[in-house]
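Student: Could you give me a close look at the charged pairs here, and then carry on to whatever else can be said about buried side chains and pockets?

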Amino acid sequence: MPRRPRLCIHTITTKPWSTEDCIQRYADAGAGGITFWRYNLDNRDPAQVGRQAREAGLDIVSLCRGGFFPGASAAARQASIDDNRRCIEQARDLGAPLIVLVCGAVPGQPLDESRKQIADGIAAVLPDAEAAGVKLGIEPLHPMYADDRSAVNTMRQANEICDRLGSHPMLGIAADVYHLWWDPELEQQVRLSAELQRLFAFHICDWKTPTTDLLNDRGLMGEGCIPIRQISDWVDQTGFSGCREVEIFSNRYWSMPQEDWLNQICSAYDSLYA
Ligand code: ZN
């Protein structure tokens, strides 16, 4: 099996598999890294899961996900801060150096207000993240999710939040081609983020036409319209040497035999980076 040291797979990409299956199969496929989702830690000891992954030869790239800071009430916002603190503890115990933040939004609440609440929420948990040695990566989401999943929709907005919080070294950005490919400022923002030491992670998948489900119909690299290799080259040209993380939510792919699906992912990855 060829080694693919910069290939990382998000466990949600093979959602039908258990945590243990993901670890074993990704390692067998020659992947260099794994990004866990929090459901992987349900009823498990995060430290034990982390050990298992490292013993299998995988780097733990990140834990998905924290965030969802905006809330209609102070109580809701505090509950989110508490949950993010639990997430930071889990990441520390797991040995994950990074938490990806899906920042949140409240339908009907002005986006500016949600962005302020996001900045306040991140500010509240940054000291915990620093104490735990865990970085926080703001993941801007495609604007189709601006109603209820994230009021941060571009790298520029993510950079503005980082600026607002004083360019804290533990706060940066997770760039996902699915969310950002359309942005005319993308190349420039990738470069800027890297210059400011904020480019923490890089996620890949593809955009299908038509997309039949706003959440769970992402494409495999090569079957959509995103210039993934071009964006990936922009990222690498900044000196980024981290993993390319395959993150695909897909009802279609989750319904097929996952061994075959993983083979397809590896082939698509190899073609992309041939
Ligand atoms: Zn992502």
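Tutor: Let's start with Glu 247, which is buried because its relative accessible area is only 2%, buried being under 20%, exposed over 50% and partly exposed in between, with a 1.4 Å probe and protein chains only. Before going on: this is a predicted model, so local features need pLDDT of at least 70 and side-chain atom pairs count only at pLDDT 80 or more, while totals for chains, interfaces and linings use all residues. Residues are numbered from 1 along each chain as its sequence is written, and side-chain values use heavy atoms, with hydrogens and water left out.

The partner of Glu 247 is Arg 218, in a salt bridge whose closest N and O atoms are 3.5 Å apart. Glu 247 sits in the loop between strand 8 (244-246) and helix 9 (251-254), and Arg 218 in the loop between strand 7 and helix 8, so the pair ties together parts 29 residues apart in sequence. Arg 218 is buried too, because its relative accessibility is 2%. Elsewhere, salt bridges with shared partners join Arg 6, Asp 236 and Arg 244 into one network.

A salt bridge here means a side-chain nitrogen of Lys or Arg within 4 Å of a carboxyl oxygen of Asp or Glu, and helices (H or I, at least four residues) and strands (E, at least two) are DSSP runs numbered from the N terminus. The count of salt bridges comes to 19. One of them pairs Arg 6 with Asp 236, with the closest N and O atoms 2.9 Å apart. Since Arg 6 is in strand 1 (residues 4-10) and Asp 236 in helix 8 (residues 228-237), this pair ties together parts 230 residues apart in sequence. Asp 236 is partly exposed, at 23% relative accessibility.

Arg 44 and Glu 20 also meet through their side chains, at 2.8 Å from N to O. Arg 44 is in the loop between strand 2 (31-37) and helix 2 (46-55) and Glu 20 is in helix 1 (residues 19-28), so the parts tied together are 24 residues apart in sequence. Arg 44 counts as partly exposed at 31%, and Glu 20 does as well at 30%.

Now for a buried polar side chain. Gln 117, in helix 4 (residues 111-132), is buried at 7% relative accessibility. A polar atom of the Gln 117 side chain lies 3.0 Å from the backbone nitrogen of Gly 71. Beyond four places in sequence, Gln 117 touches Phe 69, Pro 70, Gly 71, Arg 77 and Gln 109, where contact means heavy atoms within 4.5 Å.

Last, the largest pocket: about 220 Å³ of space. A pocket is an open set of points on a 1 Å grid over the protein atoms alone, where a 1.4 Å probe fits, with protein on both sides within 12 Å along at least five of seven lines; lining residues have an atom within 4 Å of a point. Points are joined across faces, edges and corners, and the volume is the space filled by probe spheres set on them. The lining has 15 residues, with Val 61, Phe 200, Phe 240, Gly 242 and Cys 243 nearest the centre. Strand 7 gives the most to that lining, with 4 residues.

Methods:
Polar contact = N/O pair within 3.5 Å; in protein donor to acceptor, adjacent residues only side chain to side chain.
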